[in-house]
Amino acid sequence: MFGLKLLEIAQDKLHIDDLRNQFREHTRFSTSELTEFYRSKEPDVKKTTINWRIYHLVQDGILTRIGRGKFSLGTGRTYYPELTTKQVSLFKKLNAEFPFISICIWSTSVINEFMLHQPGRFYQLIEVEKDGMESLFYFLKDRNMSVYLDPSPELIRRYLIDEKEPWIVKPLVSEAPTQELNGISTITIEKMLVDIFCDPIIFSAQQGSEMDQIFKESFEKYAISESKMLRYASRRRKKPELDNYLNEISKYRQQKEFAANNLR
């Protein structure tokens, strides 16, 4: 499986900074040039190992495949989710009240960027280490917020369906791929995609063909680390399933890329 193999590639073996310096003046370069670059670092490195490294670099947006055996340095953008003023203000209050626990805040509304059908109802998600969940929940409850503590599927179907933007406190999976934006801890695109894949209840509006659309659109617009996704999926006990799914998405992308190259 592609994803499982990617996990075996140590980041220091990719020599990303040196690679960028080597090819920054090149508008395009070939597989043979990349092979020469890696063999200058490790003379005995196998061709199959180099091929896996190239695949990994393309998946992470470091390289862009522009033709058969032709590449340029990647232009994939880093994903930064939109944070509302209310989310920023609330995170700062929570961080001040609970300074020793990890918190991640975001809204399912950010997924609309990647969807064909735009839902009008969203969940405001506050993910927190398990030990702090109840304390944080009651802190919000005391402030008369519409907040739910790790609601069951039945509770979501019965009660949250009628609320436009309820707040949900749920456990933050250890080693989840988060990022800080101006001091606010929120999701990376890898976390967002894995959460959609692993949780069909909270993300019920993003399942089926809509999930396919979200994944394909995300990979086309942003630099995404499949290895990071698979590590997180492993923490959620869904790595083999996600790996299979990513392979299907990869086939679609390869077919699309092949068709685009043939039109040139």
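## A tour from strand β7 to Arg 53

Begin by selecting strands β5 (residues 124-128) and β7: the two run parallel and are joined by 5 bridges. Keep in mind as you go that this is a predicted model.

For a single pair to zoom in on, pick Val 128, which stands opposite Pro 171 in β7. Now add strand β6 (residues 147-149), which pairs with β7 over 3 bridges, again in the parallel sense. Here Val 147 has Trp 167 of β7 as its bridge partner. Follow the chain onward from β6: the path leads through helix α7 (residues 153-158) to β7, making a right-handed β-α-β crossover.

Is strand β7 enclosed or open? Colour residues 167-171 by accessibility: 4 of the 5 are buried, so the strand is largely enclosed by the rest of the structure.

Next, move to helix α4 (residues 47-59) and select Arg 53. This arginine has a relative accessibility of 4%, so Arg 53 counts as buried. Show side chains, and you will find that of Arg 53 in polar contact with the side chain of Glu 42, at 3.0 Å. You can also draw a distance to Tyr 38, 15 residues away along the chain: the C-alpha atoms of Arg 53 and Tyr 38 are 9.5 Å apart.

Finally, colour by pLDDT. The protein has a mean of 86, with 89% of its residues at 70 or more. Among the elements, strand β4 (residues 103-107) has the highest mean, 98, and helix α1 (residues 2-6) the lowest, 39. Select residues 1-9, where pLDDT stays under 50; the model gives this stretch 26 contacts beyond four places in sequence. Where pLDDT is low, the predicted coordinates should not be read in detail.

Definitions and conventions. Residues numbered from 1 in each chain as written. Predicted model: local features only at pLDDT ≥ 70, side-chain atom pairs only at ≥ 80, totals over all residues. Heavy atoms only, no water. pLDDT = per-residue confidence, 0-100. Contact = heavy atoms within 4.5 Å. Buried < 20%, exposed > 50% of the residue type's maximum accessible area, 1.4 Å probe, protein only. Pairing = 2+ DSSP bridges. Right-handed = clockwise from strand over helix to strand, strands pointing away. Polar contact = N/O pair within 3.5 Å; in protein donor to acceptor, adjacent residues only side chain to side chain.
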